[in-house]
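I opened this entry to keep a record of what I looked up, going from one residue to the whole chain and then to its core.

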Amino acid sequence: MARTLRQKGLEPWFPCQRGPAQVGWQASQDIPATMGPQAGMAEMAPLVKRVRKEIQSSHFLGLVGPKGDTGETGVTGIEGPRGFPGVPGRKGEPGESAYVHHSAFSVGLESRVTVPNVPIRFTKIFYNQQNHYDVTTGKFYCNIPGLYYFSYHITVYLKDVKVSLYKRDKAMLFTYDQYQEKNLDQASGSVLLHLETGDEVWLQVYGDGDSNGLYADNVNDSTFTGFLLYHDTI
Ligand SMILES: [Ca+2]
C-alpha cells in the first residue's frame, strides 16, 4: 500500500510526532520548504484535508490507536437461584435429666404438738417423693442448691402458738397467734430461702413451751410445705 501511495505522489509524514494516531501521508510535492514538524494547524489544514481524501480513496487504514481507558462498572446482575439444602448437623448431646432437679414435700400433723424447742414432726404425708423431708427428724434436707419456697398453715386450739421456721439452727421466720376461747384459730407463714446442699429446714415451737397450741384432727389440718423454685446454675 505504501508503494501505491508513493505512486500517487504521497510521502509518509509525522506532523507533530506525538503518537501513531497522528501519523499520516501527505503529497510530497505540496509540502512547502518552510513547513516541517513545527508547522501550525492553520498551515497544515489543507494538507490534512487532502491526505484524508487520498486515504479514503485508497482505502488506507490508519495505525491502531492506543488502548482506551477502562469503562465504568456495569449494573449488578439479578440474584441467582436458591442453593441446595445443607447437610444436617450432628445430633446434640443428651440433656440433664429433669428429675435431678426435683425437690418438694408437703406434710401434715397427725396429733397435737406437746414438746417445745425441738423440730415438729409432720407425719401425715401428702407428698414426699424424693424423701428430702425426713419424717423421723421432722427436718427437710437440701439435696439441690437453689431457691426454695416454704409455707405452713397451722390450726390453733386451746393454747397460743409461737412457731419459727429454722434454717441451720437459726430461726428465720416467726409466727405468733393468740388463741381465742371456744374458737379455732389459724396461723400461717411463708418465705423464700436460698439453700446450699446439706442445709436443714424445719418448724419448731419457740418460747417457754406454753405456746404450743398446734392442733390437728380428722377435720383440722396443720401443714408444712416446701419446694425448689429455681436450682442454682452450675
Ligand atoms: Ca388468734
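**Asn-220 and its surroundings**

Leaving aside residues up to four places away in sequence, I found that Asn-220 touches Thr-155, Leu-184 and Tyr-215. I note that the model is a predicted one. When I looked up where Asn-220 sits, I found it in the loop between β11 (212-215) and β12 (223-231).

Is Asn-220 buried or exposed, or something in between? I counted 14 C-beta neighbours inside 10 Å, and because a residue needs 20 or more to be buried and 12 or fewer to be exposed, Asn-220 counts as partly exposed. I also looked up Leu-109, which lies 111 residues from Asn-220 in sequence, while their C-alpha atoms are 9.4 Å apart in space.

**The chain as a whole**

I listed 2 helices and 12 strands in the protein chain, and from the N terminus on their order reads α-β-β-α-β-β-β-β-β-β-β-β-β-β. Of the 234 residues, 20% count as buried. Among contacts with a separation of 6 or more, 67% join residues 24 or more positions apart.

**The core**

I then turned to the largest nonpolar core, which has 28 residues, and found that Ile-120, Ile-154, Val-161, Val-163, Leu-203 and Leu-214 touch the most other members. Two or more residues of this core come from each of β3 (104-108), β7 (146-167), β9 (185-195), β10 (200-205), β11 and β12, and β7 gives the largest share, with 8 residues.

For Leu-203 I looked up the contacts one by one: not counting residues up to four places away in sequence, Leu-203 touches Pro-119, Ile-120, Tyr-152, Val-163, Leu-165 and Phe-224.

Definitions and conventions: Residues numbered from 1 in each chain as written. Predicted model: local features only at pLDDT ≥ 70, side-chain atom pairs only at ≥ 80, totals over all residues. Helix = DSSP H or I, 4+ residues; strand = E, 2+ residues; numbered from the N terminus. Contact = placed C-beta atoms within 7 Å. Core = buried A, V, L, I, M, F, W, Y, C linked by C-beta atoms within 7 Å.
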